[in-house]
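The following account leads the reader through one protein model, from its overall make-up to selected residues. Please keep the sequence and the structure in view while reading.

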Amino acid sequence: TSPLPQAPAQALTGTVRNPDGASLADAVVSLQPTINGVAATILELGATLKDPEAPRSTSALRTAVSDADGRYLFIDVDPGSYLLEGRLADHLAASEPLQLAMAETTIVNIDLVPTGTITGNVLRENAASHVGSLVYVEGTSYAAVTDPAGDYALTNVPVGLSNLRAQYPGFLDDTETAALATARSEERRVGKECRSRWSPYP
């Protein structure tokens, strides 16, 4: 009998562009699976905060760097739900949720936009210290962990509306919306105070 034909390799490719549509070289492009819309790296960080001693599985995060023409390439990409992100050192970034079907090649261009910083504070009811709460921008891999005062900073977040979610084991999740706009400075830092006071599960 003849062997079964090999399935064609799945590929994801595209061009990284700046806000004016020009191609960008040397941008870091990342690809990772999502579960119920949450990026694998967020789930991994949450699991580590919950149980630092538990064994960790190999990270599912994959990275590539755009070439001189701004092109990136991932091969052997299985169908499924993914988060595709691009970042460049000069305060440009983008996040794009993807649902990849069975196809030999999927083309997705990444349009980077300016970024800023979201700062805030998360307080847990009756807690002496507020360290260790996970705060992240939903649908992205942008995440931070609170310090003992409950303060956090999410850096290099693409401008626009961001839905924030805060988590801590044994407490109900809390969400806030932050409107991030480009500031009149080279750093493009914009602060949004998101103060939340949590109650434990009933």
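**A tyrosine and its surroundings**

Leaving out residues up to four places away in sequence, Y72 touches L12, T13, G14, T15, V16, V29, L84, V108 and I110. The model in which these contacts are found is a predicted one. Y72 is a useful point of entry, since several of the names in its list return below.

The wider setting may be described next. The protein has 202 residues, of which 38% count as buried. Its secondary structure consists of one helix and 16 strands. Among the contacts with a separation of 6 or more, 64% are made by residues 24 or more positions apart. The exposed area of the protein is about 11,300 Å², and carbon and sulfur atoms supply 52% of that area.

Which residues have the most contacts inside the largest nonpolar core? They are L12, V16, Y72, F74, L84, I110 and L112, in a core of 20 residues. At least two residues of this core come from each of β1 (11–17), β2 (28–35), β5 (71–75), β6 (80–88) and β7 (92–100). The strand that gives the most is β7, with four residues. A second core, separate from this one, has 14 residues and includes V137, V157, A166 and A178.

Strand β1 deserves a closer reading. Six of its seven residues are buried, and β1 is thus mostly covered. With β5, β1 runs antiparallel, and five bridges join the two strands. Within this pairing, L12 stands opposite F74 of β5; both L12 and F74 are among the residues with the most contacts inside the largest core.

β1 also has parallel pairings. Strand β8 (residues 105–107) runs parallel to β1 and is joined to it by three bridges. The bridge partner of L12 in β8 is T106. Strand β9 (residues 110–111) likewise pairs with β1 in the parallel sense, over two bridges. Here V16 stands opposite I110 of β9. L12 and V16 of β1 thus reappear in the contact list of Y72, together with I110.

The segment before β1 contains Q10. Is Q10 buried or exposed? Its relative accessibility is 9%, and because buried means under 20%, Q10 counts as buried. Apart from neighbours within four places in sequence, Q10 is in contact with F74, I75, D76, V77, A101, M102, A103 and E104. One of these partners, F74, is the residue that L12 faces in β5.

The aromatic residues offer a last view. A pair of aromatic rings is described by the distance of the centres and the angle of the planes. Two aromatic pairs are found in a search of the whole structure. In the pair formed by Y168 and F171, the ring centres are 5.8 Å apart and the planes lie at 75°, so the arrangement is edge-to-face; the cut-off for that class is an angle over 60 degrees.

The two rings belong to residues that are covered to unlike degrees. F171 has a relative accessibility of 12% and therefore counts as buried. Y168, at 27%, counts as partly exposed, because that class lies between the limits of 20% and 50%. Y168 has a further partner: R124 lies over the face of its ring, at 3.7 Å from the ring centre.

Technical notes. Residues are numbered from 1 along each chain as its sequence is written. This is a predicted model: local features need pLDDT of at least 70, side-chain atom pairs count only at pLDDT 80 or more; totals for chains, interfaces and linings use all residues. Side-chain values use heavy atoms; hydrogens and water are left out. Buried means under 20% relative accessible area, exposed over 50%, partly exposed in between (1.4 Å probe, protein chains only). Contact means heavy atoms within 4.5 Å. Accessible areas come from the Shrake-Rupley method with a 1.4 Å probe; for residues, only the protein chains shown count as cover. A nonpolar core is a set of buried Ala, Val, Leu, Ile, Met, Phe, Trp, Tyr and Cys residues joined through side-chain atoms within 4.5 Å. Two strands pair if DSSP finds at least two bridges between them. Rings of Phe, Tyr and Trp (its six-membered ring) pair if their centres lie within 6.5 Å; planes under 30 degrees apart count as stacked, over 60 as edge-to-face and the rest as tilted. A charge sits over a ring if NZ of Lys or CZ of Arg is within 6 Å of the ring centre and within 35 degrees of the ring normal.
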